[in-house]
Amino acid sequence: MEKRSIGQLKVTPIGVGCMGFSHGYGKIPEHDYSVAAIRAAHDFGCNFFDTAEGYGEQLFYTGHNEEILGEAVQDFRKDVVIATKFNPRALPETLTGQKLYNFIRERLLASLLRLKTDFVDIYYLHRTHDDIPIEEFAEIYKKFIDEGLIREWGLSQVETDTIERACKIAPVAAVQNLYNLVERDCEKNVFPYSLEHKIAVIPFSPISSGLLSGKISTQTQFEKVDDVRNFVPQLTKENIEANQPLIDLLTDLANQKHATNAQISLAWMLKKYPNVIPIPGSKNRERILENLGAWNVELSDSEFDRIEKFLETFEVKGHRGIVESNSTTFIKSVEVK
Ligand SMILES: NC(=O)c1ccc[n+]([C@@H]2O[C@H](COP(=O)([O-])OP(=O)(O)OC[C@H]3O[C@@H](n4cnc5c(N)ncnc54)[C@H](OP(=O)(O)O)[C@@H]3O)[C@@H](O)[C@H]2O)c1
């Protein structure tokens, strides 16, 4: 397994998305279970873990997820790459200049405390802000790098115009966008641009919130509280049905290769782009290890082509995309019925 680059950092080709231990997928596991699951991922060989200050806001307090990750990795902190995020939705008003710097710095220091560390490897801007230009944030993140508080910085849910503007102030190391077999907007501009400029693309929801695992059917009931699957566009009953031919293809390939559907969907993107580093999320220890095991699943050229040819003509049902305004982010804009 060859490591991949995020700026100066070297990470395993697949990381662990820790969000589900605190937020987004219904009932969360016991604290000790989550800590042990993260340590099991490290024992398996993974050195890349993704969290955010905001993971926990609906079921628990903000920062819950960072605390779990910090506790889990404290004994081997220097061996792992920790990515966390500042959410500009946390701003009480439109701040600029020194006030904005002070506000974000305070949030960063709070993240460091929860993560039990004195630096963050990758600090993302979780979303852009409608009223604060990206250049303002870039200047601030640059200062954090100079101060040694963070090593690299990244953006999330952005198109290339934003990346380009940000890079003029401080080189962006990572772009964390929605990307998977049914959400391929990044292929148009973001991948070509990031390949050219040596930026890593970190797909979130790489298994499309579970759809691509083949474990979700029209009968699956999602939880009523804090479960994003209630509004993932591909997961309405009619779209699950319409997208079934893609799941069938993955199942066929998985059976042939003694792998799982989730592994095939991850192996596909690893083969497609040398700068892609997906961070599948699961609150289940075995599934975390299964997903990491996808770095050992290699698609042959003909298996890869079979998927690509299928995608050329298959019309996916349901689309979220990567363009979100800060005031209408995915989770905030939809209410769970
Ligand atoms: N930047 C952003 O705005 C943003 C947004 C969303 C997420 N993220 C990050 O990206 C990470 C991953 O995204 P995600 O969790 O939304 O989506 P995901 O990885 O595509 O899917 C997570 C869902 O799939 C299920 N699942 C995972 N592996 C499975 C497997 N092998 N077999 C069957 N089911 C499986 C999980 O269920 P179980 O838990 O029951 O296994 C969970 O319901 C998050 O943890 C978070 O760190 C970032």
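The paragraphs below go through the sheet, the ligand surroundings and three helix pairs of this predicted model.

The sheet comes first. Strands of a sheet pair through backbone hydrogen bonds, either parallel or antiparallel. Here seven strands form an open sheet with parallel pairing, in the order β3-β4-β5-β6-β7-β8-β9. The edges are taken by β3 (16-17) and β9 (200-201); each has a single partner strand, so one side of each is left without a neighbour in the sheet. For β3, two bridges lead to strand β4 (residues 48-50), and β3 and β4 run parallel. Within this pairing, Gly-17 has Asp-50 of β4 as its bridge partner.

Gly-17 also belongs to the surroundings of the ligand, where the closest residues are Gly-17, Met-19, Gly-210, Ser-213 and Gly-281. The ligand is surrounded by 28 residues. Sorted by class, this shell holds nine nonpolar, 14 polar and five charged residues. The element that gives the most to the shell is helix α10 (residues 285-292), with three residues.

Two packed helices are described by the angle between their axes and the distance between the axes. Helix α10 packs with helix α1 (residues 31-44): the two axes come within 9 Å and cross at roughly 25°. Because angles under 35 degrees count as roughly parallel, α1 is roughly parallel to α10. The crossing of these two helices is right-handed. On the α1 side the contact is formed by Ala-37, Ala-40, Ala-41 and Phe-44, which meet Arg-285, Ile-288, Leu-289 and Leu-292 of α10. The contact of α1 with α10 counts seven nonpolar residues, no polar residues and one charged residue.

A second pair is formed by helix α4 (residues 134-146) and helix α5 (residues 160-169), whose axes come within 8 Å and cross at roughly 40°. At this angle α4 is oblique to α5. The crossing in which α4 passes α5 is right-handed. From α4, Ile-134, Glu-135, Ala-138, Glu-139 and Lys-142 take part, and they meet Thr-162, Arg-165, Ala-166 and Ile-169 in α5. By class, the contact of α4 with α5 divides into four nonpolar, one polar and four charged residues.

The third pair is helix α8 (residues 244-257) with helix α9 (residues 261-272). Their axes come within 8 Å and cross at roughly 95°. Angles of 65 to 115 degrees count as roughly perpendicular, so α8 is roughly perpendicular to α9. The residues in contact are Ile-247, Leu-250, Thr-251, Leu-253 and Ala-254 of α8, together with Asn-261, Gln-263, Ile-264 and Ser-265 of α9. In the contact of α8 with α9, five residues are nonpolar, four are polar and none is charged.

Methods. Residues numbered from 1 in each chain as written. Predicted model: local features only at pLDDT ≥ 70, side-chain atom pairs only at ≥ 80, totals over all residues. Axes fitted to C-alpha atoms, helices over the stretch in contact; angles between N-to-C directions. Helix = DSSP H or I, 4+ residues; strand = E, 2+ residues; numbered from the N terminus. Parallel < 35°, antiparallel > 145°, perpendicular 65-115°, else oblique. Left-handed = near helix turned anticlockwise from the far one by under 90°. Contact = placed C-beta atoms within 7 Å. Nonpolar A, V, L, I, M, F, W, Y, C, P; charged D, E, K, R; others polar. Near = placed C-beta within 6 Å. Pairing = 2+ DSSP bridges.
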